[in-house]
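User: Please take a close look at how the helices pack in this model, and then at how the strands are paired around them. I would like one connected account.

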Amino acid sequence: MAEWLIEEGIGETRALLVEGERVLAAKMMWPGELTAGARVTGRLTAKLKGTRRGVALLDDGREALVDHLPPSATEGQNLDLVITRAGLAERGRFKRAQARVAGADAPSPASGWPEGRIVRRFPAGLWDEVWHAASAGSLDISGGEILVSVTPAMTVIDIDGVGTPREVALAAVPAIARALAWFGLGGNIGIDFPTLQAKDDRRAVDDALGAALADWPHERTAMNGFGFVQLVARLEGPSLLHRFATSRVGMCARLALRIGEQAEGHGPVLELRAHPALKAKLKAQWLDELARRTGRTVRVETDLGLALEAPNAQIVAA
């Protein structure tokens, strides 16, 4: 039976939907983020003329775009709101969070973050597999790989493999379904399958994709003559790919903390070794929390020879 497991890490909270030794889905949240389903209050500062939309200044000082405003809403009015999509950092800009006035049609407060069992650490290797796949933006398929890239307009999935176009396209379908759930993707998603000339081949891939995504709420187009399929799904917040695209160093710094927390051995000092760029991202309160959790003095050593994605930790005598 599938179960959500939750790690309350330093600088982030991680969740995996696990069935046996298999990861079905993953989520991540950073402290202070607004998540879909969160209930907040704010003051309506602007109504967009000719629409039922506006901007609200939330009690914590952040702004949110508010949709489906009631006709009676006026500027300056305090509103009870439900977040429908967290804010999104993109290259060169930040998209405000989106919200609706709280009411019967508002999403459940629990919709943005799963309820699950809190564990000290996930089963060995599971989070690492998801993290490194998201870092690379790729998953292997038989004879090739799928490459997943985020852009301001949409997430694009490209397929590269050896074999006939039909074989490569069908081999990619399970990996596409896995990427959508592992990386927490939503919004507009384009899949660039190999061009399939025969209608029967396109129908076979459409049917396989439909079966693979049967439990994933979405809408999609049929494959066109160039092999392109578009998916549209609810976007609740930044995917793992969005986080890597906009804050790769921050993602890697948090990985270093996780590796440090799980280091084993005997000695009074925990030594973190990481690329110099990570050291600047390791907040003092994070290192203090790492020291508290491990019961050791934390020392950070830098190594230009280490990739951002390859920090390590060891327990030393001094």
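Analyst: The account below starts with one helix pair and then turns to the strands.

The model is predicted. Helix 4, residues 240–261, packs with helix 6, residues 284–294, at an angle of about 15 degrees, and their axes are 10 Å apart. Angles under 35 degrees count as roughly parallel, which makes helix 4 roughly parallel to helix 6. The crossing of the two helices is right-handed. On the helix 4 side the contact involves R254, L257, G260 and E261, and these meet W286, L287, L290, R293 and T294 of helix 6. Sorted by class, the contact has 4 nonpolar, 2 polar and 3 charged residues.

Next come the strands. Strand 17 spans residues 228–233; V229, L231 and A233 form its covered face, while F228, Q230 and V232 form the uncovered one. Strand 15, residues 187–192, runs antiparallel to strand 17 and is joined to it by 6 bridges. In this pairing G187 stands opposite A233, a residue of the covered face. Strand 16, residues 219–220, is also antiparallel to strand 17, with 2 bridges between them. Here R220 stands opposite L231, which again belongs to the covered face.

A barrel is found elsewhere in the chain: 5 strands close in the order 4-5-6-10-7, with mixed pairing. Neighbouring strands of this sheet are turned by 55 degrees against each other on average, direction ignored. Strand 4 (residues 39–47) and strand 7 (residues 78–85) run antiparallel and are joined by 5 bridges. Within that pair, T41 of strand 4 stands opposite D80 of strand 7.

Note on methods: Residues numbered from 1 in each chain as written. Predicted model: local features only at pLDDT ≥ 70, side-chain atom pairs only at ≥ 80, totals over all residues. Heavy atoms only, no water. Axes fitted to C-alpha atoms, helices over the stretch in contact; angles between N-to-C directions. Helix = DSSP H or I, 4+ residues; strand = E, 2+ residues; numbered from the N terminus. Parallel < 35°, antiparallel > 145°, perpendicular 65-115°, else oblique. Left-handed = near helix turned anticlockwise from the far one by under 90°. Contact = heavy atoms within 4.5 Å. Nonpolar A, V, L, I, M, F, W, Y, C, P; charged D, E, K, R; others polar. Pairing = 2+ DSSP bridges. Buried < 20%, exposed > 50% of the residue type's maximum accessible area, 1.4 Å probe, protein only.
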